[in-house]
Amino acid sequence: LFRSPLGGSLRLLILMDVTELRQSQIQRDRALQFLSHDMRTPVASILSLTRRGSDPAELEAQRHKIVHHANALLNMMDDFILTITAQQPHYSLQTVLVDELLNDAIEKVRDLAFSKQLSILDDSEALPLFVKVNTRLMVRALVNLLVNAVKFSPSQSCITLQIQQPCEQKVSISLKNTVATQTDEHLLTGFGLGLDFIDTVIVKHKGQIERHIPAHGLANITITLPCEAAVLQE
């Protein structure tokens, strides 16, 4: 409020867009959480293992545990970097075949599925469908979905994937798996970790994700993305 010498007054109203400021605050809070808790846990475990005795009978078991914690730490760091990348206002995009994205994601999860005696079936038709995406982020989003499916599926079941073209402008990727009854409590609070990352990546690619996840039975997740026209070279 400003007052003039003549007795009048002038009110000055300033409007500011604080969206970026709030996003920066959220990223800072996540970084502090990551550094203060998530990273400290595997590091503390590794240090604890290295301080134990040198009994030859225990050394091999300790080595395996150290490797496990070190890999967990590397995965956390990779997830954190990808999460920061996913929050960027603009992505670096490439035009790629949807088949290639899905095959890459399947290969990254195949060993994990095998360890639980799960099979992954790609039931897609051979359609040359293209999308314009950040390949690294989109593959990681698909990997996260597959890891969740493996985690909540009963042993010796099947995870089915299918690529379809619901209309000329869109392409969809569906994931179906059986949900084990013993995971009911987890499903009520959220279907695995990394949901924010998945949703952010899909939305920033101008896509949509639909989830139908019952307490038990058949779960169905569908990602829909804009279909990119591309000319195939003979």
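This predicted model holds one cavity of 30 Å³ or more. Its volume is about 60 Å³. What lines the largest cavity? The residues are Leu102, Leu142, Leu145, Leu146, Leu161, Ile173, Leu175, Ile221 and Ile223. Sorted by class, that makes nine nonpolar residues, with no polar and no charged ones. A probe the size of a water molecule, rolled over the atoms, shows where empty space is left.

Which elements supply this lining? Helix α5, strand β7 (170-179) and strand β9 (217-226) each give at least two residues. The largest share, three residues, comes from α5.

Look at helix α5 next. The helix runs through residues 135-152. Its 18 residues should span 26 Å at 1.5 Å a residue, and the end C-alpha atoms are indeed 26 Å apart, so expectation and model agree. Is α5 mostly covered or mostly open? It is mostly covered, for 14 of its 18 residues are buried.

Now turn to charged side chains. Side chains of opposite charge can pair when their charged atoms come close. How many salt bridges does the model have? The count is three.

Two of these pairs sit in helix α4, which covers residues 98-115. Asp104 and Lys108 form one salt bridge, with N and O 3.8 Å apart. That is inside the cut-off, because a salt bridge needs the nitrogen within 4 Å of the carboxyl oxygen. The two residues are four places apart, about one turn of the helix. An α-helix has 3.6 residues a turn, so residues three or four places apart point the same way. Asp104 is partly exposed, at 31% relative accessibility. Lys108 has a relative accessible area of 54%, so Lys108 counts as exposed; the cut-off for exposed is over 50%.

Arg110 pairs with Glu107 in the same kind of contact, a salt bridge whose closest N and O atoms are 3.1 Å apart. Both residues belong to α4 and lie three residues apart, again about one turn of the helix. Arg110 is partly exposed, at 38% relative accessibility.

Where is the remaining pair? Asp199 and Arg211 meet in a salt bridge, 2.9 Å from N to O. This pair links distant parts of the chain, twelve residues apart. Asp199 lies in helix α7 (residues 195-204), while Arg211 lies in strand β8 (residues 208-212). Both partners are partly exposed: Asp199 has 25% relative accessibility, and Arg211 has a relative accessible area of 31%.

Terms used: Residues numbered from 1 in each chain as written. Predicted model: local features only at pLDDT ≥ 70, side-chain atom pairs only at ≥ 80, totals over all residues. Heavy atoms only, no water. Salt bridge = Lys/Arg side-chain N within 4 Å of Asp/Glu carboxyl O. Buried < 20%, exposed > 50% of the residue type's maximum accessible area, 1.4 Å probe, protein only. Expected span 1.5 Å × (residues − 1). 1 Å grid on protein atoms, 1.4 Å probe; cavity = no way out; pocket = protein on both sides within 12 Å on 5 of 7 lines; lining within 4 Å. Points joined across faces, edges and corners; volume = space filled by probe spheres on them. Nonpolar A, V, L, I, M, F, W, Y, C, P; charged D, E, K, R; others polar.
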